[in-house]
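Trainee: I am new to this structure and would like to go through it slowly, one question at a time. Could we begin with how the strands are arranged?

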Amino acid sequence: LLDHSRAGDTVTLTWRSQPGRRYRLLQAAQPSGTWRQLGSNVTATDFKTRITYSTDLPARFYRIQWIP
């Protein structure tokens with residue numbers, strides 16, 4: 001991740017990407033915990049991709065996966 005922020009219940013995540021490639025965002029409560037997909041797969045349209053979502057969950061860990 002290049003950047004992450006939280007304002008109230010809104011979380012914004014930004015990462016480096018390649019236009020046209022698809023990515024999957026995963027989240028977990030702990031790094032060794034169960035990783036679950038957050039939302040739908042994302043197709044990058046630029047060299048940086050940013051998503052924003054709402055949550056009332058406490059702190060999370062995130063992973064970005066490239067989908068070949």
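Mentor: This is a predicted model, and a good place to begin is its open sheet of 3 strands, in which the pairing is antiparallel and the order is β1-β2-β6. The edge strands, each of which pairs on one side only, are β1 and β6. Ignoring direction, neighbouring strands of this sheet are turned against each other by an average of 10 degrees.

Trainee: How many bridges join β2 to strand β6?

Mentor: Strand β6 covers residues 48-54 and runs antiparallel to β2. Two of the partners can be named: Thr12 has Thr52 as its bridge partner in β6, and Arg16 has Lys48. In total, the bridges that join β2 to β6 number 7.

Trainee: On the other side, which residue takes a positive phi in the hairpin of β1 and β2?

Mentor: Strand β1, residues 3-7, pairs with β2 in the antiparallel sense over 5 bridges, and within this pairing Arg6 stands opposite Val11. The hairpin has 2 residues between the strands, and the residue with a positive phi, near 65 degrees, is Gly8.

Trainee: Is strand β2 mostly covered or mostly uncovered, and how many of its residues are buried?

Mentor: Strand β2 spans residues 10-16, which makes 7 residues to consider. The strand is mostly covered, and the number of its residues that are buried is 5.

Trainee: Which strand gives the most to the largest nonpolar core?

Mentor: The largest nonpolar core has 9 residues in all, namely Val11, Leu13, Trp15, Tyr23, Leu25, Leu38, Ala44, Ile51 and Tyr53. At least two residues of this core come from each of β2, β3 (22-28) and β6. With 3 residues, the strand that gives the most is β2.

Trainee: Trp15 is in that list; which residues does Trp15 touch, leaving aside those up to four places away in sequence?

Mentor: Trp15 is buried, as is Tyr23, and both belong to the largest nonpolar core. Leaving aside residues up to four places away in sequence, the residues that Trp15 touches are Leu1, Leu2, Tyr23, Phe47, Lys48, Thr49, Ile51 and Ile64.

Trainee: How many aromatic pairs does the structure hold, and why is the pair of Tyr53 and Tyr62 described as it is?

Mentor: The structure holds 2 aromatic pairs. One of them joins Trp15 and Tyr23, with 6.2 Å from centre to centre and 65 degrees between the planes, and is edge-to-face. For Tyr53 and Tyr62 the ring centres are 6.4 Å apart and the planes stand at 70 degrees, so this pair is edge-to-face.

Trainee: Why does Tyr53 count as buried?

Mentor: The cut-off for buried is under 20% relative accessible area. Tyr53 counts as buried because its relative accessibility is 13%.

Trainee: Over the face of which residue does Arg21 lie?

Mentor: Here a charged side chain is placed against a ring, with Arg21 at 4.7 Å from the ring centre. The residue whose face Arg21 lies over is Trp66.

Trainee: Finally, what separates the C-alpha atoms of Gly33 and Tyr23?

Mentor: Gly33 lies in the loop between β3 and β4 (36-37) and is partly exposed, with a relative accessible area of 32%. Gly33 and Tyr23 are 10 residues apart along the chain, and the separation of their C-alpha atoms is 21 Å.

Note on methods:
Residues are numbered from 1 along each chain as its sequence is written. This is a predicted model: local features need pLDDT of at least 70, side-chain atom pairs count only at pLDDT 80 or more; totals for chains, interfaces and linings use all residues. Side-chain values use heavy atoms; hydrogens and water are left out. Buried means under 20% relative accessible area, exposed over 50%, partly exposed in between (1.4 Å probe, protein chains only). Helices (H or I, at least four residues) and strands (E, at least two) are DSSP runs, numbered from the N terminus. Two strands pair if DSSP finds at least two bridges between them. Rings of Phe, Tyr and Trp (its six-membered ring) pair if their centres lie within 6.5 Å; planes under 30 degrees apart count as stacked, over 60 as edge-to-face and the rest as tilted. A charge sits over a ring if NZ of Lys or CZ of Arg is within 6 Å of the ring centre and within 35 degrees of the ring normal. Axes are lines fitted to C-alpha atoms, for helices over the stretch in contact, and angles run from 0 to 180 degrees between N-to-C directions. A nonpolar core is a set of buried Ala, Val, Leu, Ile, Met, Phe, Trp, Tyr and Cys residues joined through side-chain atoms within 4.5 Å. Contact means heavy atoms within 4.5 Å.
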